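This text follows the charged side chains and where they pair up. Please keep the sequence and the structure in view while reading.

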Amino acid sequence: MLNKDNYYSETGHMSNSQYKQFHVCETLAMAEINGDYARPETTALLVGSYIDAYVEGDLDSFIEDHPQIISSRGPTKGKPKAEYRQADQLIERFERDPFFMSFLEGKKQEILTGEIANIPFKIRIDILANDKIVDFKLVRDFEDMWLDGEKVSFIKYWGYDIQGAIYQEIVRQNINKTLPFYLACVTKEDEPDLKVIQISDGILKNELKNIEYYAVKFQAVKNGLIEPTRCEKCDYCKKTKILKEVEIYD
């Protein structure tokens, strides 16, 4: 049975992050599933997890599990290091906004399972309320970003529409009701900005069709029926690259 302790280590169910990793590089996705590769735990990721833990109401446990975020010397000994003090400032900023905080009310880190295209999926929801699904996001800013030669919204760039489609469908299967999907976003800028964004049901339904199509192929790769393709751009592909020919520059 899936729970907080085994959710991330269990790989049998497709998840939002696993599905998106297959889109980036199938070989990398399989290396992570097989335990041959693990993404490095960077300070930026830890800062994000620090704020996520606050939203979940589990910050004390997070600090206990990550003693490296506490300064061990100097005038700040025993207190969070500078990066995490900045995270506290971000938390203080959105705590001052009652409307934003209202979207953080509900069941925290609710784990649900279901199927999309007959493939088992799992989700872990930041906030599940009676009338909405909310995912908390810490982002660089709200500017458009370049993706495959064109500028797209930060929502499309990071695949938050994919996440929303998966979450909405799995929740629907569990409660027999379609709930709207929201992003509660805070920027990392010197003066943090706030937004609560609803991704329309129309966008989520269209994205669900794409998921139903691609998930079948990705599951076949997971099952060993199809050889995974390499992107030749990610760190894992660079690490395992074997040269076979000379590249011609003309």
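A residue is called buried when its relative accessible area is under 20%, exposed when that area is over 50%, and partly exposed in between. The model shown here is predicted.

Side chains of opposite charge can pair when their charged atoms come close. How many salt bridges does the structure hold? The count is 12.

One of these salt bridges links Asp-131 with Lys-132, and their closest N and O atoms are 3.3 Å apart. Are the two partners buried or partly exposed? Lys-132 has 13% relative accessibility; because the limit for buried is under 20%, Lys-132 counts as buried. Asp-131 has 47% relative accessibility and therefore counts as partly exposed. This salt bridge thus has a buried Lys-132 and a partly exposed Asp-131.

Another salt bridge is formed by Glu-32 and Arg-39, where the closest N and O atoms are 2.9 Å apart. With a relative accessibility of 22%, Glu-32 counts as partly exposed, because partly exposed lies between the limits of 20% and 50%.

Further along the sequence, Arg-230 and Glu-232 bring their side chains together in a salt bridge, at 2.8 Å from N to O. Arg-230 counts as partly exposed, with 34% relative accessibility. Glu-232 is also partly exposed, at 41%. Elsewhere, salt bridges with shared partners join Lys-156, Asp-161 and Glu-207 into one network.

Technical notes. Residues numbered from 1 in each chain as written. Predicted model: local features only at pLDDT ≥ 70, side-chain atom pairs only at ≥ 80, totals over all residues. Heavy atoms only, no water. Salt bridge = Lys/Arg side-chain N within 4 Å of Asp/Glu carboxyl O. Buried < 20%, exposed > 50% of the residue type's maximum accessible area, 1.4 Å probe, protein only.
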